[in-house]
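User: I am new to this structure and would like to go through its enclosed space and its nonpolar interior step by step. Could you take me through both?

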Amino acid sequence: MPLFALAALYAVWSLFAVYVTTDKANEWLLFTSAKRWFLSGLIALYICWGARKQRLSAATLQRCALASLFVAFAAASVYGIWQHFTDPERIILGINRATMTAYAYSALALSVMTLIGRSCTSSKKYLAILLMSLVSLYVIFLTETRSAMVLHLLLVVLLVLAMLWKDKKLTAKSLSILIILVVAVVGVGSRWSIVQSRFDVTMSEYHLYEKGDDQTSLGSRFTMWKMGLITFEQHPFGQTETGRNQRIEQYLLSHNQPNSWALRYIQVHLHNEFIQTASLSGIFGIATLLFFFGMLIFRNGISGLLLNPVSMVALSAFLYGLTDVLLISEEYIVLFSTLILLSALSCRTEKENA
């Protein structure tokens, strides 16, 4: 249902935009994204129906799903590291944007690690999680995506804490070891030229924005978020992308900001999932996103939250959506829907036994 809800939102808003706007050639539409979400929902529905009808045994489905996820993680990690040593640019794993690569790879890594933490009973799982955490952080650092560098580490730490709590090993000693490991990762990472350069750029861009200069990646984001909230306040029930952008341009020009970099990027999106959706689909879009994330994070049919692979994948999308727009990316839609389906199938035996 969350997938169908998002498909309906994008389709209905696109039909509204086509009907209302006079400049149909340049209007930003989401028919392709709507079709991807709709097809993803149909495929997931059919596979879940087949699983209930036991076309394949639950154990076979679980092994196939787990094998697919592990092979994907290993292949993506090896390819990303190989790409780094053969190309000096930011790595991209089959997606033409390094940022989207980081979000997708992070979701994949989190789903695999969550399944290990949830299913394995051996204490060796902590070693496996540690190794996978280091590999995944290394690959994400190679994408040079600032939000993923921070949020992926945070989600991994939360996952380990949930594992310790579940295994009743959350003691002062285990917390001390975890803190030492996190400090070590941050300390080593901060001395790495890639991380250091991204940190320096972030601080420089922030200080420039404080001085009124938004001609940077971070500064333009701040301006776009502000403009998105203003246009949402003016049109809470939605508007076309063309109309929204015209209002943003008029506002910036009237406030003596003709050279704002926000004017460059508003034709793409506002780099925040909720603000982007609110500025176009209004309160209906916000309600749909809340339903989408609420259902996938809290009511996906699998017990737990931080040790729930579907919840972790959806939570990562929610957090990354605070600094970018993911749910309209055709590549991300395919990977996200595949991940939550495989994760659900991997937990199916456990649910049936329960």
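**Cavity and cores**

User: How many cavities of 30 Å³ or more are there?
Analyst: This is a predicted model, so the answer describes computed coordinates. Rolling a probe the size of a water molecule over the atoms shows where empty space is left. With a cut-off of 30 Å³ or more, the count comes to 1 cavity.

User: Which element gives the largest share of the lining of the largest cavity?
Analyst: The largest cavity holds about 80 Å³ of space, and its lining includes Tyr 10, Trp 13, Glu 273, Gln 276 and Leu 280. Two or more residues of this lining come from helix H1 (2–20) and likewise from helix H12 (273–298). The largest share, 5 residues, comes from H12.

User: How many residues of that lining are charged?
Analyst: Among the residues that line the largest cavity are Trp 28, Leu 30, Thr 277, Ser 281 and Ile 328. Sorted by type, the lining divides into 6 nonpolar and 3 polar residues, and the number of charged residues is 1.

User: Which helix gives the most to the largest nonpolar core?
Analyst: The largest nonpolar core has 86 residues, of which Tyr 10, Trp 37, Phe 292, Leu 327, Tyr 332 and Phe 336 touch the most other members. With 13 residues, the helix that gives the most to this core is H4 (residues 98–119).

User: Which residues does Phe 292 touch, not counting those up to four places away in sequence?
Analyst: Phe 292 is one of the residues that touch the most other members of the largest nonpolar core. Leaving out residues up to four places away in sequence, Phe 292 touches Pro 2, Leu 3, Leu 6, Trp 37, Leu 327 and Phe 336.

Methods:
Residues numbered from 1 in each chain as written. Predicted model: local features only at pLDDT ≥ 70, side-chain atom pairs only at ≥ 80, totals over all residues. Heavy atoms only, no water. 1 Å grid on protein atoms, 1.4 Å probe; cavity = no way out; pocket = protein on both sides within 12 Å on 5 of 7 lines; lining within 4 Å. Points joined across faces, edges and corners; volume = space filled by probe spheres on them. Helix = DSSP H or I, 4+ residues; strand = E, 2+ residues; numbered from the N terminus. Nonpolar A, V, L, I, M, F, W, Y, C, P; charged D, E, K, R; others polar. Core = buried A, V, L, I, M, F, W, Y, C linked by side-chain atoms within 4.5 Å. Buried < 20%, exposed > 50% of the residue type's maximum accessible area, 1.4 Å probe, protein only. Contact = heavy atoms within 4.5 Å.
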